[in-house]
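Visitor: I'm new here, and I'd like to know where the labels come from. Could you show me the structure and then take my questions?

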Amino acid sequence: MALAPGLRRPRGDGVPRRHPRRTLGLRGAHFPQALSFVRAGEAPLQRRHHAERGFCLYTLLDPADGAVIGFTGAQPWPQEWGPAGEIEIGWRLGRAYWGKGYATTAAQRALHAVRAAGVRHVVSMIDSRNARSIAVARRLGMRPAETVPTPDGRRTAHCHRLDL
């Protein structure tokens, strides 16, 4: 059985030492705003979310060597379209780490923090083309609730919901 990935609150040094967007092949092809946590200046916001809410977008660490491999966590959905203001759980991993169960395991740990903070339900907005993330949502017990077109009209997203 594989080791579980580590979760770390974002550091005050801004962008992680190994910027996942460049070194791990992470791209914002599905929802670019999901990568905002790796931009300089976002770490203080995520640390504040953790201090105020008890959860945030956590940096995801390789269990073997502690290298940054992506993120998982929860925060209010930041867009005006879709489930505006609802707590969304999300995950993003470098391609080399797909298929190892890391996203599901890390998201389960993030859900534990959200549940402990008293949140009663979460959503996950997933691009309709992203079969791997849809599978993770199902393994978490989430159910598809609605389909939402993106504002540009070029894609659709599935809003999955989970009562905690």
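Visitor: Why is R154 called exposed?

Guide: R154 has 69% relative accessibility, and exposed means over 50% relative accessible area, buried under 20%, and partly exposed in between (1.4 Å probe, protein chains only), so R154 counts as exposed. Keep in mind that this is a predicted model, where local features need pLDDT of at least 70, side-chain atom pairs count only at pLDDT 80 or more, and totals for chains, interfaces and linings use all residues. Residues are numbered from 1 along each chain as its sequence is written, and side-chain values use heavy atoms, with hydrogens and water left out.

Visitor: What makes R154 and D152 a salt bridge?

Guide: A salt bridge needs a side-chain nitrogen of Lys or Arg within 4 Å of a carboxyl oxygen of Asp or Glu. For R154 and D152 the closest N and O atoms are 3.0 Å apart, so the pair fits. D152 itself is partly exposed, at 39% relative accessible area.

Visitor: How do you know that D127 and R155 form one?

Guide: Their side chains meet at 3.9 Å, N to O, which is within the 4 Å limit. D127 sits in strand β5 and R155 in the loop between β6 (143-149) and β7, 28 residues apart. Strands are DSSP runs of E with at least two residues, helices are runs of H or I with at least four, and both are numbered from the N terminus. With 1% relative accessibility, D127 is buried.

Visitor: What makes the pair of R161 and E86 a tie between parts of the chain?

Guide: R161 belongs to strand β7 (residues 156-163) and E86 to the loop between β3 and β4, so the salt bridge ties together parts that are 75 residues apart in sequence. The closest N and O atoms are 2.7 Å apart. R161 is buried, with a relative accessible area of 17%.

Visitor: How do you know what span to expect for helix α3?

Guide: The expected span is 1.5 Å times one less than the number of residues. Helix α3 (residues 102-116) has 15 residues and reaches 21 Å from its first C-alpha to its last, close to the 21 Å expected.

Visitor: What is called a nonpolar core, and which residues have the most contacts inside the largest one?

Guide: The name means a set of buried Ala, Val, Leu, Ile, Met, Phe, Trp, Tyr and Cys residues joined through side-chain atoms within 4.5 Å. The largest has 28 residues, and those with the most contacts inside it are F55, I89, W91, V122, L140 and M142. Helix α3 gives the most to this core, with eight residues.
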